[in-house]
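I opened this entry to look up how the strands and helices are arranged, and how one chain is joined to the other.

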Amino acid sequence: MAAKGGAAPATYSPSPTTFKKKRPPIFTDVDWVRPDGRDFHQCRPAFLRTGAVNSASGSAYAEFGNTKVIVSIFGPRESKKAMMYSDTGRLNCNVTYTTFATPVRGQASSDNKEISSQLHKSLEGAIMLDTFPKTTVDVFALVLESGGCDLPVVISCASLALADAGIMMFDLVAAVSVSCLGKNLVIDPVSEEESYQDGSLMITCLPSRNEVTQLTITGEWSSPKIHEAMELCLDACSKLGKIMRSCLKESASTSTSQE
Amino acid sequence: MLPNFEPQDHGMVGLSMGEKHFIQGGIAQDLRTDGRKRLTYRPISVETGVIAQANGSARVKMGKTEVIASVKAELGRPSSSAPDKGKVSIYIDCSPTAAPQYEGRGGEELSMELSAALRQCLLGGKTGAGAGINLSSLSIVEGKVCWDLYIDGLVINIDGNILDALGAAIKAALSNTGIPKVNVASTAPSDEQPEVDVSDEEFLQFDTTAVPVIVTLTKVGRHYIVDATSEEESEMSSAVSVSVNRQGLICGLTKRGGAGLDPSVVLDMISVGKHVSEELMNKLDSEIAAAEATMEEE
């Protein structure tokens, strides 16, 4: 530490010469193994259930590896009095983290608002807001455990909960993200991979309509790489869409057989 | 209850059906209401060094849209997770002078969205790939002292395309920024905070070659336009903002607006954005250079 401090320029310099990137050795290797032993293009096993909360109009629980989220839908119910008249419905999204969701207690609570607005943007294109004028649908998401890819899991889970609540939608919303680690693209990254990523790309789409409702890119990307990553994501989205659909069918068939 | 037709309701002047059709039809025929083509920007004017108290500042006008960006550098402690890096925070404020709906908490949502988009477009990925600002260059003594850059944007007048204008203003403000030279007194014991002497005469210019420009493509009907005015933005179905650096690499992308897009349309918008960004980058660079030159003359 002392030796390194002496070598570094003591003043501000626009192009530091001593800049050394510390990178875990696994990523410099061409054939490194992902922390959970998956292939680069293999998603985590998804576990989805609807009807997790009794008092909600609809709810869903999703578990992708260590990432566990629960989403409840309330409404459509009367908008708050202060709201102006609107001939389309309103969508109110709120994402919160439990204090024990992250390794350091309460670490992720700072950017709740940002994630909430991202969730809103991804869902609003899929919901037929004109089917419930003057009212508001509340989407409350709680991340029980953060294990990477939190936002895509929240989005997919929320659309499942919306379907469970009987809110009219054009299609289910499936979300998948990829991380760029060096030259490699890894799909559905875990927290560890996310913390070393050079860039990330997230797509939320309506699988059967083949429409992208939200796309975010961070880091440095060339056009062919974006192409590749988008294709990878869209392919995974359509698969996830099928899993979500079968989950809904299953819950519908069990509820009718009980009656 | 009668519907409320207050113009402020949707943040936009109320347009009649005729006006809406006029705007849409014009865009379809590649002739917009102000005579521009679909991919033409409004005249851009840049003025640097507008705030004396800041380390760097700029005012950018794109048509009637007007924004100010200021950069302040303060000494701080690096975070324990990245001891060899400085910190940059970007915060945007939408003044109620721009539009009445930004009074009180009204502007908060827009401010937050703009700040998040700019952070995403300018600060790159987790490891710093594609970042416009090299955080390692802000380090002074590893683990002890670093520069904290506070980038504040202020929206003065809104006539569409705020994100591009803010991106340009931040780029201009950064090239106007002088970071004071710092002398570290002596090698202090490793457990103590070293004494630093901040020079008030010598400044080091900030390197801004890597700072990307942001191009927002607004989709109206089947076509997309750059630098949309508020009137045109009220007719949009969705908008994609791409930030592109000098090498033509994409450094960030966000999408606004609810309507979904076909993946091939998204890819097409990215390539159009990349093409337009080259022009904008050159235009902006020459404007910044001209602004710096006039400032030195004064």
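Before counting anything I fixed the criterion that two strands pair if DSSP finds at least two bridges between them. I also note that this is a predicted model.

With that criterion I looked at the place where the chains meet, and found that three bridges join strand S9 (residues 211–221) of chain A to strand S12 (residues 250–256) of chain B, the two running antiparallel. Within this stretch I found Ile217(A) opposite Leu253(B) in S12(B).

I then followed the pairing outwards and obtained an open sheet of eight strands, in the order S7(A)-S6(A)-S8(A)-S9(A)-S12(B)-S11(B)-S9(B)-S10(B), with antiparallel pairing. Its edges are strand S7 (184–187) of chain A and strand S10 (223–226) of chain B, each of which pairs on one side only. On average, and with direction ignored, neighbouring strands of the sheet are turned by 20° against each other.

Next I asked which strands of chain A helix H4 lies across. Helix H4 (residues 150–164) of chain A lies across S6 (174–181) and S8 (199–206) of chain A, running at about 170° to S6(A).

I also checked the packing of H4(A) with helix H3 (residues 112–124) of chain A, where the angle is about 50° and the axes are 10 Å apart. The two helices are therefore oblique to each other, and H3(A) passes H4(A) in a right-handed crossing. Among the residues that meet there are Leu119(A) and Leu123(A) in H3(A), and Val154(A) and Ile155(A) in H4(A). The residues of this contact divide into seven nonpolar, three polar and no charged.

Conventions
Residues numbered from 1 in each chain as written. Chains lettered and ligands numbered in written order. Predicted model: local features only at pLDDT ≥ 70, side-chain atom pairs only at ≥ 80, totals over all residues. Helix = DSSP H or I, 4+ residues; strand = E, 2+ residues; numbered from the N terminus. Axes fitted to C-alpha atoms, helices over the stretch in contact; angles between N-to-C directions. Contact = placed C-beta atoms within 7 Å. Parallel < 35°, antiparallel > 145°, perpendicular 65-115°, else oblique. Left-handed = near helix turned anticlockwise from the far one by under 90°. Nonpolar A, V, L, I, M, F, W, Y, C, P; charged D, E, K, R; others polar.
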